[in-house]
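Me: Please take a close look at one part of this model. I want the metal site, told in one go.

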Amino acid sequence: MRECEVCGATDYSVIMAKERMFGLGGSFEYKECNSCKGLFLLDIPMDLGSYYPPNYYSFKEYLASNPLSKILKKLRYKAFKSRVSLRPPSYFDWLDHLNVNEKSRIADIGCGNGQLLAELSYCGFKSLEGYDPFLHESQEFDGFSLKKIDFFDIEDKYDLVMFHHSFEHIPDPVRCFEKLVEILNPRGEALIRVPVTDGKVWKEEREYWFQLDAPRHLFIPNTKSMKVLADRFDLELFNISFDSLDSQFWGTELYKREKSYMGTDIRKEFSKNELLKFKEKADQYNELNCGDQACFYLRKK
Ligand SMILES: [Zn+2]
């Protein structure tokens, strides 16, 4: 009996899943801890890189804003800080929960094309580094840099370390937290945005759940697993907010229809009204803490 790496419990359920984003199929075994409800891929494929084909979404080139747009984005950030902003972008909400300023050293783990770092640089943030082992090469841009370095090989220290849907792609959550603590400055903070098994869709639809995303998702936590991890590493988990999307419904429905995500036009699969309803339902689920993804805010005590 293998025990849960996170909480140590030995009681778990097994679930089989297929690769469905690209329709590659296969058979992947996950175990769900019956105590902390964390979900683990049992055997990580040797050829995991082949499940990240060139059309994987994070490999697109980042879109640089034009000079006027950059100025407007900086003004919008200044207005937001003065509490007069209307309809702010989602990263303003994350920053609002964190104790960061323009001089803070910020790392984005699994940064993909670096779009978020580019946006933060337009707002005036000056120390921005992205890490992603799947980049073609390391690159310096005006205002930020992207490094082709594995998370576990990072040597610098940061005031804020962010994981925007990358934590679930990193093997071994315990080692991941250990490394996180190592690269955080004193009073440093972390933002982990990740799918969670608290989601009603996971509970109801199991292997068809859009964000199970076998075999790319190696570990999917529950809010319980994240609390256990924070306690184990003496981090303060000071806020949790659900930010799930309409894709949890249409994506899961596509998979139930045995269709892959890539190559399917959702506007042909669902009516405008259905898509609108999915958006409203996602907002409701987030309010009830049963959406399929959440933001975890942690800090070093
Ligand atoms: Zn557990």
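Reply:
**The zinc site**

In sequence, the donor residues of the zinc ion follow the spacing C-x2-C-x25-C-x2-C. One pair links distant parts of the chain: Cys-7 sits in the segment before β1 (12-19), and Cys-36 in the loop between β2 (25-33) and β3 (39-41), 29 residues apart. Strands here are DSSP runs (E, at least two residues), numbered from the N terminus.

This is a predicted model; local features need pLDDT of at least 70, side-chain atom pairs count only at pLDDT 80 or more, and totals for chains, interfaces and linings use all residues. Residues are numbered from 1 along each chain as its sequence is written, and side-chain values use heavy atoms, with hydrogens and water left out.

The protein donors are Cys-4, Cys-7, Cys-33 and Cys-36. Each binds through SG, lying 2.3 Å from the zinc ion. Donors are N, O and S atoms within 2.8 Å of the metal (3.2 Å for Na, K and Ca); water is not among the atoms, so sites may look incomplete.

Now the geometry. The 4 donor atoms subtend angles of 101 to 117° around the zinc ion, so the arrangement is tetrahedral. Four donors earn that word if all angles lie between 85 and 135 degrees.

Back to the pair. Cys-36 is buried, because its relative accessibility is 2%. Cys-7 has a relative accessible area of 29% and is therefore partly exposed. The cut-offs: buried is under 20% relative accessible area, exposed is over 50%, and partly exposed lies in between (1.4 Å probe, protein chains only).

Notes
Tetrahedral: all angles 85-135°; square planar, octahedral: opposite > 155°, others 65-115°. Helix = DSSP H or I, 4+ residues; strand = E, 2+ residues; numbered from the N terminus.
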